[in-house]
Amino acid sequence: MIGQTVVLAEGDSPFPPSVGDFFLPSIAPWGEHSLWVTKITLLVWLAAGLLILFFLLSYRNPQLVPTKKQWFAESIYGFVRNNIAVEMIGHRGVAFAPYFTTLFCFILLTNLFSIVPLIQISPNSHIAFPAIFAAISYVMFIWVGIRHHGAGKFFKHSLIPPAPWYILPLLIPIEFFSTFLVRPFSLAVRLFANMFAGHMLLLVFTLGGFAMINATPLLAPVSVLSWVMTVALTFLEGLVIVLQAYVFVVLTASYVQGAVAEEH
């Protein structure tokens, strides 16, 4: 977004921004075979590396009286374990806490990239990454349900609700659609749509200020207002960033809870 801002300020870039702005060019030096190495790819690697490094350093020499890094890492894990895993699933949720914590931290960090100066885009504004997260959670809750109850019992109770037999031909397709199709789709689209929309809003208000100044100096006060809105929306986007990471993990935990529920 910084590069687009500079170009637009010089009057050489079209406005408004489009979906095509999310398809970033390759930044690798070895030509057409480097199409997969983009800024988005590097951000995903960076997020993974930062999280691994942070938790390794935090627990390298654990203390009974924790250091600041250890306390912070333990607080993140404790929040996810107690307020999501155990709260949603019960005592079995402790076993899922490491995965939920990893998922929460990774989504949160990649979301935060969208408001970090000079980065200002989240990998989750591309549908591919939310789709992968949703696919992993989808496979996990099905695998957990089959392992806990057995395949026959799990699919029977997932697809056949307690209802009179004569309406089951209507309910079974609905249950299949909602459980095995809507869940992964909604998980992926919810995260993607929020990060995509947030980035577009920030882009529109930031570049809009330059567009109005380039159009006529008389619009300079409106341009300032546009940039003020950018700052305000950045704070709002910060709230959305945390909320979307939390919601994604909570919904994943709710699906796991349904898979291991005793009524199965």
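Here are some questions and answers about this predicted model.

Me: What does the secondary structure of the protein come to, in helices and strands?
Reply: Reading along the sequence, you get the pattern α-α-α-α-α-α-α-α. The protein's tally is therefore eight helices and zero strands.

Me: How do H3 and H4 sit relative to each other: parallel, antiparallel, perpendicular or oblique?
Reply: The axes of H3 (residues 68–89) and H4 (residues 97–112) come within 9 Å and cross at roughly 120 degrees. Roughly perpendicular covers 65 to 115 degrees, and roughly antiparallel needs over 145. The crossing angle of roughly 120 degrees fits neither, so H3 and H4 are oblique.

Me: Which residues of H4 make the contact with H3, and how does the contact divide into nonpolar, polar and charged?
Reply: H3 passes H4 in a right-handed crossing. On the H3 side, the contact is made by Ile76, Tyr77, Phe79, Val80, Arg81, Ala85 and Ile89. H4 brings Ala97, Pro98, Phe100, Thr101, Phe104 and Cys105. Taken together, the residues of this contact come to 11 nonpolar, one polar and one charged.

Me: Is asparagine 124 buried or exposed?
Reply: Asparagine 124 lies in the loop between H4 and helix H5 (128–149). Buried means under 20% relative accessible area. Asparagine 124 has 0% relative accessibility, so it counts as buried.

Me: Which side chains make polar contacts with the side chain of asparagine 124?
Reply: Leaving out residues up to four places away in sequence, asparagine 124 touches Ile107, Thr110, Asn111, Phe129, Pro130, Phe133, Leu191, Phe192 and Met195. One polar contact, of 3.0 Å, joins its side chain to that of threonine 110. Another, at 2.7 Å, goes to the side chain of asparagine 111. The names you want are threonine 110 and asparagine 111.

Me: Why does threonine 234 count as partly exposed?
Reply: Threonine 234 is found in helix H8 (residues 220–260). Partly exposed is what lies between buried, under 20%, and exposed, over 50%. Threonine 234 counts as partly exposed because its relative accessibility is 27%.

Me: What lies 2.7 Å from a polar atom of the side chain of threonine 234?
Reply: Not counting residues up to four places away in sequence, threonine 234 touches Ile115 and Leu202. Its C-alpha atom is also separated by 9.8 Å from that of valine 116, 118 residues apart along the chain. The 2.7 Å partner, though, is the backbone oxygen of threonine 230.

Notes:
Residues numbered from 1 in each chain as written. Predicted model: local features only at pLDDT ≥ 70, side-chain atom pairs only at ≥ 80, totals over all residues. Heavy atoms only, no water. Helix = DSSP H or I, 4+ residues; strand = E, 2+ residues; numbered from the N terminus. Buried < 20%, exposed > 50% of the residue type's maximum accessible area, 1.4 Å probe, protein only. Contact = heavy atoms within 4.5 Å. Polar contact = N/O pair within 3.5 Å; in protein donor to acceptor, adjacent residues only side chain to side chain. Axes fitted to C-alpha atoms, helices over the stretch in contact; angles between N-to-C directions. Parallel < 35°, antiparallel > 145°, perpendicular 65-115°, else oblique. Left-handed = near helix turned anticlockwise from the far one by under 90°. Nonpolar A, V, L, I, M, F, W, Y, C, P; charged D, E, K, R; others polar.
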